[in-house]
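Thanks, everyone. I'll keep this short: one helix and its surroundings, then the aromatic rings.

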Amino acid sequence: MSTSPPHNDLTYFTFGTPNGLKPTIVLEELGLQYKVKTVDITKNTQKEEWFLAINPNGRIPALKDGDLRVFESGAIMLYLTDNYDKDHKLNYPHGSRDYYEVLSWLNWQVAGLGPMQGQANHFWAMTDADSEYGINRYVGETKRLFDVLESRLSKNDWLAGTKYTIADIASYSYVRVAPVLALELDTWPGINRWAKRINERPAVQKTQTIPEGTKSVEEITEMVRSMREKADVTRDGKRDS
Ligand SMILES: N[C@@H](CCC(=O)N[C@@H](CS)C(=O)NCC(=O)O)C(=O)O
């Protein structure tokens with residue numbers, strides 16, 4: 001296909017994780033027709049040759065529109081709003097002042113909050129290495145970044161400009177799993193109000209079971225709690241021996 005996008009032939013490659021959730025919300029909010037292909041990261045499907053041809057980084061999510069591929073959650077969200085959101089429901093007109101505010105918060109999330117909270121989750125429960133330093137550093141950084149969000153959301157309903165945009169969707173997808181790290185959202189009242197508002201949106205509710213088999217926040221929190229318990233036992237055993 002050599003014509004310019006959009007091609008109206010969307011296939012979304014995803015799994016039930018925060019990065020996977022971001023474009024799913026955009027697809028649902030825009031009411032788009034798309035196929036879902038589950039890439040089971042617990043079975044390392046994301047490292048298979050066929051998927052690396054779509055995302056050379058071997059991570060979900062990725063999108064195809066006809067034979068055009070887009071990878072990285074931020075790029076996919078922008079692709080969708082650039083090509084399928086002509087009424088600017090989830091973004092502002094390209095080049096406008098608010099558009100750059102969206103880009104700023106979006107990049108802040110994909111380069112800051114996402115990786116830091118991801119590392120926090122890792123040191124919190126997914127390693128039996130003696131990781132007190134890692135936990136303090138990354139949970140501490142996640143809290144600092146939540147404070148940054150709070151500084152905006154305590155005075156404004158939305159991150160960029162005056163409406164709900166892909167910038168809110170990106171951060172919401174991580175904030176909703178804060179309980180995994182035993183972070184109480186009540187600590188940040190602005191974030192708490194904002195997250196509840198987003199959570200109540202019908203399109204967002206619909207995404208909770210996409211792709212099929214996606215775990216709820218409560219299930220993920222319980223799973224991580226038991227992983228943490230096992231990691232603690234192994235760590236303590238190592239210390240004792
Ligand atoms: N910067 C990437 C991060 C993607 C990412 O970390 N995906 C995780 C799931 S949330 C993944 O595929 N993990 C499996 C792996 O690392 O092999 C994005 O925003 O899309």
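Start just past helix H1. Glycine 31 sits there, with a positive phi of about 65 degrees. Keep in mind that this is a predicted model.

Now H1 itself. Helix H1 runs over residues 18–29, twelve residues in total. From first C-alpha to last, H1 reaches 17 Å, close to the 16 Å expected at 1.5 Å a residue.

Is H1 mostly covered or mostly open? Mostly covered: ten of its twelve residues are buried. Among them are Gly20, Leu21, Pro23, Ile25, Val26 and Leu27. The charged names Lys22, Glu28 and Glu29 are on the buried list too.

What do the buried residues of H1 pack against? Two strands, E1 (10–14) and E2 (34–38). Then four helices: H3 (73–84), H4 (97–125), H6 (166–175) and H8 (202–206).

Those two strands deserve a look. E1 and E2 pair in the parallel sense, over five bridges. Leucine 10 has tyrosine 34 in E2 as its bridge partner. Put E1, H1 and E2 together and you have a β-α-β unit, right-handed.

On to the aromatics. The count is nine aromatic pairs. One of these is tryptophan 50 with phenylalanine 51. The centres are 5.6 Å apart, with 75 degrees between the planes. Why does that count as edge-to-face? Because the planes are over 60 degrees apart, which is the cut-off.

Tryptophan 50 or phenylalanine 51: which is buried? Phenylalanine 51 is, because its relative accessibility is 0% and the limit is under 20%. Tryptophan 50 has a relative accessible area of 32%, so it ranks as partly exposed. Phe13 joins Trp50 and Phe51 in one aromatic cluster. Tryptophan 50 also has a lysine for company: lysine 37 lies over its face, 5.3 Å from the ring centre.

Next, tryptophan 105 and tryptophan 108. This aromatic pair is edge-to-face as well, 5.3 Å centre to centre and 75 degrees between the planes. Both tryptophans lie in helix H4, three residues apart, about one turn of the helix. An α-helix has 3.6 residues a turn, so residues three or four places apart point the same way. Tryptophan 105 counts as buried, because its relative accessibility is 12%.

Last, a second charge over a ring. Arginine 197 puts its charged end over the ring of tryptophan 158, 4.6 Å from the centre.

That's the tour. Questions, please.

Terms used. Residues numbered from 1 in each chain as written. Predicted model: local features only at pLDDT ≥ 70, side-chain atom pairs only at ≥ 80, totals over all residues. Heavy atoms only, no water. Expected span 1.5 Å × (residues − 1). Buried < 20%, exposed > 50% of the residue type's maximum accessible area, 1.4 Å probe, protein only. Contact = heavy atoms within 4.5 Å. Phe/Tyr/Trp six-rings, centres within 6.5 Å; stacked < 30°, edge-to-face > 60°. Lys NZ or Arg CZ within 6 Å of the ring centre and 35° of its normal. Pairing = 2+ DSSP bridges. Right-handed = clockwise from strand over helix to strand, strands pointing away.
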